[in-house]
Amino acid sequence: MRRFFSIAAIAIISICGLLSISAYAQETVKVGFIAPLTGFAAADGYSSLESAKLAVDYVNEHGGIKGKKLELVSYDDACQPDQASALTRKLIENDKVAVMISGSYSSPSRAAAVICQQAKVPFTSTYAVHPSIVEAGEYCHRIGMAAPIQGRTGGYFAVRELGAKRIALLIMNNDFGVSLAEALKETAIKLGAQIVYEKKYPLGETEFRNYLNAIKAADPDLIYAPGYYNEAANIVPQAREIGLKCWLMGDEGYDSPKFIELAGAAANGVFITTDLNRDSDRPMTQYFLKNYKERTNIDADMVGASAFDAVMLVSHILNKVGTDANKIIEYWDTIENFEDCSTGPILMFQNRSAIRPMDIQIVLNNQFRYFYRYYEPEVIYLNPPSEGK
């Protein structure tokens, strides 16, 4: 009898232990996150991940997800599409995440989006711009600025606000640079400007003087050079060195303290398109800027802001509808005037891409400063009314 009792007791204890483990497993809601923590994009990956963690901390300090803790499960994709695909599968199949977020560049984000669409797991990219990311399907969204919007914003600013009539394009030859340049070129020509020079350069290029001397001979009013901060930090000083006097304009890829650090005083006067207004008085913008600096001892950037916003938006959705994938994507497309973000506000989602006011920042005294903001639908909508919506 004693032996029977002890076996039964062991069985009860084991069952209770399993129930307790199962209950513990349900205490968190998991969100997957990939970012380039090694390789050429590691600085952006660091910013992206730390900002996502900051948002997770904020969410958990304010009640979590329906009373459960939000858990970020993250891996390093090294900015490689094949790694992004494999890690996305791992996060979905092994880690059982409810939503996937890519804090990586366009190529890895495109790869991750395809996997999520196939698995019917809600996905969002943070700052990757390429149109094909959301074209993967209805489970895929974008928090940051789509290339057509950002390039169009640059075109309006160059022609309408700066009065540029002759524009030179110096384009990073990848998804990011090409998609931005195409949108700016189309807009600038439509507004009456002329493209007087157009060349692509390879990722990782450091010597731009031959390009810039040819641009100088073309006598532009403005150079638009879409790319990342490493390349920009060579382009800008070399342009100053050879005596180019025209306007210089970049994009969100310049929006990093690393650009100013590497380019030095030459960065002053450069315009960028971005969605992070550091001079905004919006509470969540200032919360992000202050707390990111305290957390990392580094000034915040647009990459981090987009990752922070992705976690904040996903958390809002999970709190509204839970973890059912179909309910998540149905609700996602109905969101309007979302204020709990560091950029924005996010006015709506159009074709699964976030729509918000678009900003121009200028580097002054080695700091990014507010210069101009666009609200007009013909600029900030993915499909402006004049184009059919």
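# Exercises on loops, strands, helices and cavities

T323 is found in the loop between helix 12 (302-321) and helix 13 (325-332). Helices (H or I, at least four residues) and strands (E, at least two) are DSSP runs, numbered from the N terminus. The model is predicted: local features need pLDDT of at least 70 and side-chain atom pairs pLDDT 80 or more, while totals for chains, interfaces and linings use all residues. Residues are numbered from 1 along each chain as its sequence is written, and side-chain values use heavy atoms, without hydrogens or water.

## Exercise 1: T323

Task: classify T323 as buried, exposed or partly exposed, and list what T323 touches.

Solution. Start with the cut-offs: buried means under 20% relative accessible area, exposed over 50%, and partly exposed in between (1.4 Å probe, protein chains only). T323 has a relative accessible area of 46%, so it is partly exposed. Then take contacts (heavy atoms within 4.5 Å). Leaving out residues up to four places away in sequence, T323 touches V29, A98, L318 and I328. Finally, compare sequence and space. T323 and I65 are 258 residues apart in sequence, yet 9.8 Å apart in space, C-alpha to C-alpha.

## Exercise 2: P226

Task: place P226 in the chain, then describe its surroundings.

Solution. P226 sits in the loop between strand 8 (222-224) and helix 9. Its relative accessibility is 0%, so P226 counts as buried. Residues up to four places away in sequence are again left out. P226 then touches L170, I171, M172, G177, L180, A181, Y201 and D251. For a distance check, use L318: it is 92 residues from P226 in sequence and 35 Å away in space, C-alpha to C-alpha.

## Exercise 3: Helix 9 and helix 4

Task: compare the span of helix 9 with the expected value, and find which of its residues are buried.

Solution. The expected span is 1.5 Å times one less than the number of residues. Helix 9 has 13 residues and should span 18 Å; its end C-alpha atoms are 18 Å apart, so the two agree. Its buried residues are Y229, E231, A232, A233, I235, V236, Q238 and A239. An α-helix has 3.6 residues a turn, so residues three or four places apart point the same way. The cover over the buried residues of helix 9 includes helix 2 (42-61), strand 6 (166-172), strand 7 (194-201), helix 8 (209-218), strand 9 and helix 10 (257-263). Just after helix 9, G243 takes a positive phi of about 90°.

Repeat for helix 4 (residues 106-119). Its 14 residues reach 20 Å from first C-alpha to last, close to the expected 20 Å. S106, P108, S109, A111, A112, A113, I115, C116 and Q117 are buried in helix 4. K120, just after helix 4, has a positive phi of about 60°.

## Exercise 4: Strand 13 and its partners

Task: work out which strands pair with strand 13, and describe the hairpin loop.

Solution. Two strands pair if DSSP finds at least two bridges between them. Strand 10 (residues 271-274) runs antiparallel to strand 13, with four bridges. Here I272 stands opposite Q361. Strand 14 (residues 367-374) also pairs with strand 13 in the antiparallel sense, over seven bridges. D359 has R373 of strand 14 as its bridge partner. Strand 13 (residues 358-364) is mostly covered, with six of its seven residues buried.

Now the hairpin of strands 13 and 14. Two residues lie between the strands. N365 has a positive phi near 50° without being a glycine. At 71% relative accessibility, N365 counts as exposed. N366 lies in the loop between strand 13 and strand 14. N366 is not a glycine either, and its phi is positive, about 60°. At 38% relative accessibility, N366 counts as partly exposed.

## Exercise 5: The cis bond

Task: name the residues joined by a cis peptide bond and locate the proline.

Solution. The bond joins G344 and P345, with omega about 15°. P345 lies in the loop between helix 13 and strand 11 (348-350).

## Exercise 6: Cavities

Task: count the cavities of 30 Å³ or more and describe their linings.

Solution. On a 1 Å grid over the protein atoms alone, a cavity is a set of points where a 1.4 Å probe fits but cannot get out; lining residues have an atom within 4 Å of a point. Points join across faces, edges and corners, and volume is the space filled by probe spheres set on them. The count is two. The largest cavity holds about 120 Å³. Among its 16 lining residues, Y105, Y127, F176, Y228 and E252 are closest to the centre. Its lining divides into nine nonpolar, three polar and four charged residues. Here Ala, Val, Leu, Ile, Met, Phe, Trp, Tyr, Cys and Pro are nonpolar, Asp, Glu, Lys and Arg charged, and the others, Gly among them, polar.

The second largest cavity holds about 30 Å³. I223, A225, I235, V236, L248, M249 and Y254 line it. Helix 9 (229-241) and strand 9 (247-250) each give two or more of these residues. Seven are nonpolar, with no polar and no charged residues.

Conventions
On a 1 Å grid over the protein atoms alone, a cavity is a set of points where a 1.4 Å probe fits but cannot get out, and a pocket is an open set with protein on both sides within 12 Å along at least five of seven lines; lining residues have an atom within 4 Å of a point.
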